[in-house]
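Reader: I am new to this structure. Please take me closely through one part of it, namely how helices pack against each other.

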Amino acid sequence: MNRKKFLQGLRDGVPIGLGYLAVSFGIGISCHTAGISAPQSFLMSLLNNASAGEYGGITVIAENSGIWMMILMTLIINARYLLMSCALSQRLAPDTPLLHRLLVGFDVTDELFGIAIAQPGYLNVWYFFGAMCVAIPGWSIGTLIGALAGSLLPQWAVNGFSVMLYGMFLAIIVP
């Protein structure tokens, strides 16, 4: 392990993890509204790090639309990650082990892609892993907190928090 790059990735991932913690709270609220339990919400966010894809999946679950609709919707919404993964694969050293490539591919998000692609030369996978170690817990714990809070908050607050995901997209696009 390249300790220095891993620690640099951890450091650079902190703002991303904190942002994910705040935004995924809204995903947790949406999970609660759709009838998804807090443990299920946490597991979903731990294994699926795609805000729009997750929100779309929650919507499909809430509408009881079926597995084929979920597969199609997830494929369409998350298609941009295919392009990001292709770009990142070109930045990995040719001798990067397959397991490392798969781990990088597991957590390609807009924000992690942004900090990774900005690295000079070949991407050191340990930098990416360090950022992942902050981003993934931030996203999944925020979802869990939101799902738990959904049962405690009044309905007007739950309705207000349900638009947090749209706020995140505006925060990305406007600047």
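Author: What follows is a short account of the chain as a whole and then of three helix pairs.

This is a predicted model, in which local features need pLDDT of at least 70 and side-chain atom pairs count only at pLDDT 80 or more, while totals for chains, interfaces and linings use all residues. Residues are numbered from 1 along each chain as its sequence is written, and side-chain values use heavy atoms, with hydrogens and water left out.

The chain holds 10 helices and 0 strands; helices (H or I, at least four residues) and strands (E, at least two) are DSSP runs, numbered from the N terminus. The C-alpha atoms fill a box of roughly 50 × 35 × 35 Å along the principal axes. The chain has a radius of gyration of 17 Å, which agrees with the value near 16 Å for a compact globule of 175 residues. That radius is taken over C-alpha atoms, and the globule rule is 2.2 Å times the number of residues to the power 0.38.

Two packed helices are described by the angle between their axes and the distance between the axes. Axes are lines fitted to C-alpha atoms, for helices over the stretch in contact, and angles run from 0 to 180 degrees between N-to-C directions. Angles under 35 degrees count as roughly parallel, over 145 as roughly antiparallel, 65 to 115 as roughly perpendicular and the rest as oblique.

Take H3 (residues 51-63) and H4 (residues 67-77) to begin with: their axes lie 9 Å apart at an angle of about 160°. H3 and H4 are therefore roughly antiparallel. Their crossing is right-handed; a crossing is left-handed if the near helix is turned anticlockwise from the far one by less than a right angle, and right-handed if clockwise. On the H3 side the contact (heavy atoms within 4.5 Å) is made by Ala-52, Gly-53, Gly-56, Gly-57, Val-60 and Ile-61, and on the H4 side by Met-69, Met-70, Met-73 and Ile-77. These residues divide into 7 nonpolar, 3 polar and no charged. Here Ala, Val, Leu, Ile, Met, Phe, Trp, Tyr, Cys and Pro count as nonpolar, Asp, Glu, Lys and Arg as charged, and the others, Gly among them, as polar.

The next pair is H5 (residues 79-91) and H7 (residues 110-117), with axes 11 Å apart and an angle of about 25°. That makes H5 roughly parallel to H7. H5 passes H7 in a left-handed crossing. Arg-80, Tyr-81, Met-84, Ala-87, Leu-88 and Arg-91 of H5 meet Asp-110, Phe-113, Ala-116 and Ile-117 of H7. The contact has 7 nonpolar, no polar and 3 charged residues.

In the last pair, the axes of H6 (residues 98-106) and H8 (residues 125-150) come within 10 Å and cross at roughly 40°. H6 is therefore oblique to H8, and the crossing is left-handed. H6 contributes His-100, Leu-103, Val-104 and Phe-106, while H8 contributes Val-125, Trp-126, Phe-128, Phe-129, Met-132 and Ile-136. The residues of this contact comprise 9 nonpolar, 1 polar and no charged.
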